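User: I'm a first-year student, and I'd like a close look at one part of this protein. Could you walk me through it in a friendly way?

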Amino acid sequence: ARIWQMLRGAEIVFAALLTCSVLGRQLYAFHWLGVAFAMLGIAAVSLATIASSGNSSKMDQTSSTGPGASSTLVVVGIALTLGSQVITAVQIIVEEHFLTDSGMEPLMIV
């Protein structure tokens with residue numbers, strides 16, 4: 001559960017990339033600095049989780065799934081969580097597009 005909360009920060013990275021590519025907006029240097037810090041934090045937490053899952057599975061010999069299964073499941077979990085953050089970022093960008101460019105009332109969109 002700890003890594004899931006940290007990976008939720010990946011939404012910022014994907015939203016920034018989609019803001020530039022889909023909405024055509026320019027981000028400032030301090031925006032990119034924030035995105036870089038978020039990426040470093042996400043990478044550090046992900047690598048630490050993968051490394052600790054490998055160590056704990058080697059110590060636990062009673063597991064029926066084998067020593068490498070725990071690390072594999074952690075990597076799959078990280079990938080699924082990052083995928084969900086891409087979908088959430090797409091939703092945010094689509095909502096922003098509708099709210100700014102459509103001319104419709106916000107209550108009609110929501």
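Please start with glutamine 85: leaving aside neighbours within four places in sequence, which residues is glutamine 85 in contact with?

Analyst: Setting aside its neighbours within four places in sequence, glutamine 85 is in contact with Leu7, Arg8, Ala10, Glu11 and Phe14. Keep in mind as we go that this is a predicted model. Glutamine 85 itself has its place in helix α4, a helix that covers residues 69-101. With a relative accessible area of 2%, glutamine 85 is buried, because that value is under the 20% cut-off.

Now look at the other side of those contacts. Leu7 belongs to helix α1, which covers residues 2-7, while helix α2 covers residues 10-21. Two of the residues that glutamine 85 touches, Leu7 and Ala10, are also members of the largest nonpolar core. That core has 11 residues in all: Ile3, Leu7, Ala10, Val13, Ala16, Leu27, Val35, Ala38, Ile42, Val74 and Ile78. Helices α1, α2, α3 and α4 each supply at least two of its residues.

Let's visit some residues in and around this core. Valine 13 is found in helix α2 and is buried, at 8% relative accessibility. Not counting residues up to four places away in sequence, valine 13 touches Val35, Ala38, Met39 and Ile42. Of these, Val35, Ala38 and Ile42 are listed in the core too. You can also check a distance in your viewer: the C-alpha atoms of valine 13 and phenylalanine 37 are separated by 9.8 Å, and the two residues are 24 apart along the chain.

Serine 46 gives us another view. This residue lies in helix α3, which covers residues 29-59, and is buried, with a relative accessible area of 10%. Beyond residues up to four places away in sequence, serine 46 touches Ile3, Leu7 and Ile78. Those three partners are core members, and Leu7 is also one of the contacts of glutamine 85. Valine 74, another core member, touches Thr49, Ile50 and Ser53 when residues up to four places away in sequence are not counted.

Next, follow helix α4 onward from glutamine 85. Threonine 88 has its place in that helix as well. At 22% relative accessibility, threonine 88 counts as partly exposed. Its C-alpha atom and that of arginine 8 are separated by 9.8 Å, although the two residues are 80 apart along the chain. Arg8, you may remember, is among the contacts of glutamine 85.

Further along helix α4 comes glutamate 96. The side chains of glutamate 96 and arginine 25 meet in a salt bridge, with 2.0 Å from N to O. Glutamate 96 lies in helix α4 and arginine 25 in the loop between α2 and α3, so the pair ties together parts that are 71 residues apart in sequence. Both partners are partly exposed: glutamate 96 has 25% relative accessibility, and arginine 25 has a relative accessible area of 33%. A search of the whole structure finds one salt bridge.

There is also a nonpolar patch to find on the surface. Val86, Val90, Val94 and Phe98 make a patch of about 290 Å². Phenylalanine 98 lies in helix α4 and counts as partly exposed, at 40% relative accessibility.

Finally, step back to the whole protein. The pattern along the sequence reads α-α-α-α-α, with five helices and zero strands. Of the 110 residues, 23% are buried. The accessible surface comes to about 7,600 Å², and carbon and sulfur atoms account for 69% of that area. Among contacts between residues at least 6 apart in sequence, 70% join residues at least 24 apart.

How confident is the predictor? The average pLDDT is 82, and 84% of the residues score at least 70. Over residues 61-67 the pLDDT is below 50, and this stretch has one contact in the model beyond near neighbours in sequence. Among the helices, confidence is highest in α2, at a mean of 94, and lowest in α5 (residues 106-109), at 76.

Definitions and conventions: Residues are numbered from 1 along each chain as its sequence is written. Side-chain values use heavy atoms; hydrogens and water are left out. Helices (H or I, at least four residues) and strands (E, at least two) are DSSP runs, numbered from the N terminus. Buried means under 20% relative accessible area, exposed over 50%, partly exposed in between (1.4 Å probe, protein chains only). Contact means heavy atoms within 4.5 Å. Accessible areas come from the Shrake-Rupley method with a 1.4 Å probe; for residues, only the protein chains shown count as cover. pLDDT is the predictor's confidence in each residue, from 0 to 100. Patches are made of residues with over 30% relative accessible area and no salt bridge: like charges are joined within 9 Å, nonpolar side chains (Val, Leu, Ile, Met, Phe, Trp, Tyr) within 5 Å. A salt bridge is a side-chain nitrogen of Lys or Arg within 4 Å of a carboxyl oxygen of Asp or Glu. A nonpolar core is a set of buried Ala, Val, Leu, Ile, Met, Phe, Trp, Tyr and Cys residues joined through side-chain atoms within 4.5 Å.
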